[in-house]
Amino acid sequence: MKTYKIAVIPGDGTGPEVIGEGLKVLNAAEQVFGFRLESTPYDLGAGRYLRTGEILPDTVLDEFRAHDAMYLGAIGDPRVKPGILEKGILLRMRFELDQYINLRPIRLYPGVETPIKGKGPKEIDYCVVRENSGGLYTGMGGISRADSTDAVATQVMTYTYEQVERCCRYAFEYARKYGKKARGVGDRNTLALVGKSNVLTYMYQLWNRVFAEVGEEYPDVERQYFHVDATTLYMVASPEMFDVIVTENMFGDIITDLAAITQGGLGVSSGGNINPQGVSMFEPIGGSAPSWTGKHAINPIAAIGAGAMMLEHLGETEAARAIERAIASVTPKMKSQLANEMGFTTEQIGDMIAAAVTR
Ligand code: IPM
Ligand code: MN
């Protein structure tokens with residue numbers, strides 16, 4: 001039987017609760033589809049940091065490399081100064097494991113409320129491929145005379161040819177495989193580069209060139225370009241015009257939060273930090289929501305959806321599809337996607353989705 005080694009990081013706040021439901025659904029899929037997930041739990045996050053002072057030991061990072069995938073709940077706690085765990089765990093994992101793609105499908109499940117008037121699952125159905133290793137996140141820059149009125153700070157956006165090339169290539173491959181035509185919901189596969197070529201002229205000289213060069217190898221994928229500011233407007237006014245979007249790190253960070261609210265919010269948004277040649281990590285993007293811990297009120301769908309993305313990535317396509325269908329069969333029964341307003345407990349949602357996978 002096919003066996004996959006999964007590093008599970010439940011993390012902080014409501015992370016363990018939603019990961020528990022995610023594992024429940026993944027277990028159901030194992031039974032039906034005949035593969036095995038061998039999961040190893042890892043204690044990382046605010047809890048461990050406050051107890052031991054350890055953030056992300058090198059030995060743990062090395063152990064991650066020996067897994068087929070990683071499944072993360074959430075990291076973050078108000079008792080820890082902002083930045084420590086984000087930089088020390090989340091960003092460090094991305095960089096050290098070279099998870100250079102941040103994949104964020106934007107799909108409105110049936111029955112889920114979107115703040116966009118008149119748009120439904122047919123219109124809100126695209127995917128953002130965010131570059132996840134470079135740009136402003138590289139951390140280059142400095143500050144001089146920090147505490148004076150002469151203070152001057154720089155934070156540099158950097159990209160190498162190779163970083164842009166591998167990101168564009170991933171995005172074209174993705175559009176070829178999962179674009180609207182490939183999925184049978186449109187008549188072409190399109191990939192839109194989102195940038196700011198009218199102002200960041202050096203940066204987009206590089207991105208535009210590489211996007212066009214790599215794109216030559218994908219004649220089946222239609223190329224588009226949009227400025228990032230206009231993109232935020234289109235995402236709200238006409239989300240149906242998007243298929244696959246590729247964008248640099250910081251623009252991607254910003255537009256994927258906007259996209260998340262259009263798909264029903266953090267309770268349903270899942271993401272992957274992907275190294276196509278290495279170990280990738282899948283997560284609900286909502287964060288640890290510490291005030292909801294232990295209340296059985298948080299929505300586990302984002303975590304369950306992340307589990308489906310993980311299976312897709314591992315090649316268990318049918319199982320991934322079954323989980324997505326199971327989620328889509330449960331969302332119409334929920335009153336809301338918001339914590340405490342679902343009409344069900346966290347565990348009940350997990351049970352319903354697991355049962356739908358088994359049916
Ligand atoms: C995300 C988050 C992270 C980011 C933070 C927590 C460092 O906002 O995954 O989008 O900025 O990438
Ligand atoms: Mn973000």
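**Exercises on a ligand site and three helix pairs**

In this predicted model, a polar side-chain atom of R130 lies 2.8 Å from an oxygen atom of ligand 1. The exercises start from that contact and then turn to helix packing.

**Exercise 1.** Determine which residues are around ligand 1, and find the distance from the side chain of Y137 to an oxygen atom of ligand 1.

*Solution.* Step 1: list the surroundings. E86, L91, R94, R130, Y137 and D253 are the residues around ligand 1.
Step 2: take the side chain of Y137. One of its N or O atoms is 2.6 Å from an oxygen atom of the ligand.
Step 3: take D253 as well. Here an N or O atom of the side chain is 3.0 Å from an oxygen atom of ligand 1.
Step 4: apply the cut-off. A polar contact is a pair of N or O atoms within 3.5 Å, and the R130 pair at 2.8 Å meets that limit.

**Exercise 2.** Describe how helix 1 and helix 9 pack, and classify their contact residues.

*Solution.* Step 1: get the geometry. Helix 1 spans residues 15–33 and helix 9 residues 301–314; they pack at an angle of about 45°, and their axes are 8 Å apart.
Step 2: name the orientation. Helix 1 and helix 9 are therefore oblique to each other.
Step 3: give the handedness. The crossing of helix 1 past helix 9 is right-handed.
Step 4: list the contact. Helix 1 contributes V18, I19, E21, G22, V25, L26 and A29, and helix 9 contributes A303, I304, G307, M310 and L311.
Step 5: sort by class. The contact of helix 1 with helix 9 holds 9 nonpolar, 2 polar and 1 charged residues.

**Exercise 3.** Carry out the same analysis for helix 5 and helix 6.

*Solution.* Step 1: helix 5 (residues 161–178) packs on helix 6 (residues 201–215) at about 45°, with the axes 9 Å apart.
Step 2: that angle makes helix 5 oblique to helix 6.
Step 3: helix 5 passes helix 6 in a right-handed crossing.
Step 4: the contact residues include Y161, C167, C168 and F172 of helix 5, and L206, W207, F211 and G215 of helix 6.
Step 5: by class, the contact of helix 5 with helix 6 has 10 nonpolar, 1 polar and 4 charged residues.

**Exercise 4.** Find the crossing angle of helix 3 and helix 4, and state which residues meet.

*Solution.* Step 1: the axes of helix 3 (residues 58–65) and helix 4 (residues 84–96) cross at roughly 50° and come within 11 Å.
Step 2: helix 3 and helix 4 are therefore oblique to each other, and their crossing is right-handed.
Step 3: D58, L61, F64 and R65 of helix 3 meet R92, M93 and E96 of helix 4.
Step 4: this contact of helix 3 with helix 4 has 3 nonpolar, no polar and 4 charged residues.

Methods
Residues numbered from 1 in each chain as written. Chains lettered and ligands numbered in written order. Predicted model: local features only at pLDDT ≥ 70, side-chain atom pairs only at ≥ 80, totals over all residues. Heavy atoms only, no water. Axes fitted to C-alpha atoms, helices over the stretch in contact; angles between N-to-C directions. Helix = DSSP H or I, 4+ residues; strand = E, 2+ residues; numbered from the N terminus. Parallel < 35°, antiparallel > 145°, perpendicular 65-115°, else oblique. Left-handed = near helix turned anticlockwise from the far one by under 90°. Contact = heavy atoms within 4.5 Å. Nonpolar A, V, L, I, M, F, W, Y, C, P; charged D, E, K, R; others polar. Near = heavy atom within 4 Å. Polar contact = N/O pair within 3.5 Å; in protein donor to acceptor, adjacent residues only side chain to side chain.
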